[in-house]
Amino acid sequence: MTTTTLPAIASPKWRTEDWVAVYLGFLVIALALWAFGSKAIDLGQLAPSFRWTTDAQIAARTENWSRALDGVAKGGELKAALEKGERKAIENAAGELAKAAGRNTVPGALGSEIRGHAAASAGKVFSPANLTKALWTGAGLLVLSAAGFALIGGKAGALVAGFPVVFGLAWLARVLAGNGLPVEYGIEYVIFALLMGLLVSNTIGVPGWLKPAVQTEFYIKTGLVILGAGLLFTEIVQAGALGIIQAVLVVGVIWYACFWLARKLRVDDDFAAMLSSSVAICGVSAAIATCGAIQGDKKKLSYVTALVLIVAVPMMVVMPWLAKAFGLPDVVAGAWLGGTLDTSASVVAAGALISDTAMKTGVIVKFSQNALIGVAAFILVIWWAYKASAQNGKSGGGKKADAGIIWERFPKFVLGFLAASIVFSFFLPADAVNGTKAALGELRTWWFALAFVSIGLETRFTDLATMEGGRPALAFLGAQALNVVWTLLLAYLLFGGVLFAVPDIR
């Protein structure tokens, strides 16, 4: 793997990559809060759209949608619109159904799904206005990236030359992920961003002028600081006591089990930690946070990301079918889905295949696990810093581990991640948190898209295909199998009326 190294000049401690990522992350957060508070700029209106579904894709889904609408109150108008095949009429009728049925209900989710497809035409994505929004977004990210790169000690002009290519690949990845088919199967932009980079690096190669813009760690760290603003401690409380108990037991047991299994299979500690976080907490986001916290190998992160997404798709389809086949109570089935599926979107989609109760329960449990990302990242940072320092001490290459050494090795961007989470959890009004959530989520997605394109540009297919002889994949699959069984047991004990009264979730 080739990486761009900065000049061997001793930069002040406040200008390290970690600290600069914190500065940029908080600058982005501050701009979002200013835009919301002043009403001067509507960041939502500036964000480009990426959702698009073709007429043929809508026609192919019409029969299944119509069947799902049988017996749904106020679904007749939507069925009639589907039969006529008029996209605008479908969009309006689906919107009315979603509004009437409400959020976190099966009819509401179905109406939102159909409306999303009907409203998402390719013409909107490739319209001059939408493309202009993408260009302005790229220009903003270019300015921030160049400024940060210069602070670190790099040559901003060199980054500027290659950045449009990295951004263009990230944009294309998001366009591909926005199509109705990947959306339906939960295939996220990260896999397309990775593939875009891999396609270039494994065909024409990465030219020298492009390499300064391939700054994987810098992009990931900045995105992680922004991610902290979207992971709220208060969500743990809102999720309820049973969701918290299940989340803690799932994360604790499955993380350790995966790490132990990976070590038994001779997988190194860094790889094992990323695998464990992805399977135990919440998939790609947890793997990204862990990789940043332990300063892990980006090739290993790309491997874990691909593995998570490949395994998630069949689970999202098979688990609801199993829940119905074995007659699981809806609340138990929802808790099972929420504890095993890796994203909130996949939990909602799978839960909707069962019932409103299953979907709502799954979301509650998933919120609890998502909120533990910050806690897990903090613990991992302390552990890895102490472990590295202790190993250096044993080999005679460093001082004995103490608070000073741990602080020196502590990745400072994690402090930004935690600080953002604390500020948004306890010190900002709810309207500011909710009002900036979408904008910050969009900006975070851009930084992560740039990072995964960069990972692909730094990686060779042969590296991924031969990585440790398939042992990491075996460890992941073994831990995921245990996760399915362990989480089902916990769901029965906690939500099935065995240890506690069955919660009233409707």
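What follows is a chat between a colleague and a modeller about reading a predicted model.

Colleague: Let's begin with the whole chain. How many helices and strands are there?

Modeller: Keep in mind that this is a predicted model. The chain has 26 helices and zero strands. Its radius of gyration is 23 Å, close to the 23 Å that the globule rule gives for 506 residues, so the chain is as compact as a globular protein of that length. If you want dimensions, the C-alpha atoms fill a box of roughly 70 × 55 × 50 Å along the principal axes.

Colleague: What share of the residues is buried?

Modeller: Buried residues account for 52% of the 506 in the chain. For the outside, the accessible surface is about 22000 Å², and 66% of that belongs to carbon and sulfur atoms.

Colleague: And what do the contacts say about how the chain folds back on itself?

Modeller: Take the contacts between residues at least 6 apart in sequence: 78% of them join residues at least 24 apart.

Colleague: Next, the inside. Which residues touch the most other members of the largest nonpolar core?

Modeller: The general idea is that in soluble globular proteins, nonpolar side chains tend to be buried together. Here the largest nonpolar core has 135 residues, and L301 and L450 touch the most other members. Apart from that core lies another, of 13 residues, with L82, L110, I114 and A118 among them.

Colleague: Which residues does L450 contact, leaving aside its neighbours within four places in sequence?

Modeller: You'll find L141, F163, V166, F167, A170 and Y219 around L450.

Colleague: I'd like to try a polar residue. Is S278 buried or exposed?

Modeller: S278 has 0% relative accessibility, so it counts as buried. You can find S278 in helix α15, residues 269-282. The side chain of S278 reaches the backbone oxygen of L275 at 2.7 Å. Not counting residues up to four places away in sequence, S278 touches G283, A286, A287, V304, V308, D342 and F476.

Colleague: On to charges. How many salt bridges does the structure hold?

Modeller: As a rule, side chains of opposite charge can pair when their charged atoms come close. This structure holds ten salt bridges. One of them links R87 and D55, with the closest N and O atoms 2.8 Å apart. R87 is in helix α5 (residues 87-101) and D55 in helix α3 (residues 55-68), so the pair ties together parts that are 32 residues apart in sequence.

Colleague: How do I read the burial of the two partners?

Modeller: Check each partner separately. R87 has 18% relative accessibility, and the cut-off for buried is under 20%, so R87 counts as buried. D55 has a relative accessible area of 54%, so D55 is exposed.

Colleague: How far apart are the closest N and O atoms of D70 and K79?

Modeller: In that salt bridge they are 2.5 Å apart. D70 is partly exposed, with a relative accessible area of 46%, and K79 is partly exposed too, at 22%.

Colleague: Where do D268 and K300 lie?

Modeller: D268 is in the loop between α14 (241-264) and α15, while K300 is in helix α17 (residues 298-325), so this pair ties together parts that are 32 residues apart in sequence. The closest N and O atoms of their salt bridge are 2.8 Å apart. D268 is partly exposed, with a relative accessible area of 27%, whereas K300 is buried at 14%.

Colleague: Which residues are joined into one network by salt bridges that share partners?

Modeller: Those are E17, D18, E217 and K221. Look at D18, in helix α1 (residues 17-38). D18 is buried, with a relative accessible area of 9%. Leaving aside its neighbours within four places in sequence, D18 is in contact with K221, P411, K412 and F413.

Colleague: One last feature, backbone angles. What is phi of R266 near?

Modeller: The background is that most residues other than glycine have a negative phi. R266 has a positive phi, near 65°, in a residue other than glycine. R266 lies in the loop between α14 and α15. With a relative accessible area of 61%, R266 is exposed.

Note on methods:
Residues are numbered from 1 along each chain as its sequence is written. This is a predicted model: local features need pLDDT of at least 70, side-chain atom pairs count only at pLDDT 80 or more; totals for chains, interfaces and linings use all residues. Side-chain values use heavy atoms; hydrogens and water are left out. Helices (H or I, at least four residues) and strands (E, at least two) are DSSP runs, numbered from the N terminus. Buried means under 20% relative accessible area, exposed over 50%, partly exposed in between (1.4 Å probe, protein chains only). A polar contact is a pair of N or O atoms within 3.5 Å; within protein, one must be able to donate a hydrogen and the other to accept it, and residues adjacent in sequence count only if both atoms are side-chain atoms. Contact means heavy atoms within 4.5 Å. A nonpolar core is a set of buried Ala, Val, Leu, Ile, Met, Phe, Trp, Tyr and Cys residues joined through side-chain atoms within 4.5 Å. The radius of gyration is taken over C-alpha atoms; the globule rule is 2.2 Å times the number of residues to the power 0.38. Accessible areas come from the Shrake-Rupley method with a 1.4 Å probe; for residues, only the protein chains shown count as cover. A salt bridge is a side-chain nitrogen of Lys or Arg within 4 Å of a carboxyl oxygen of Asp or Glu.
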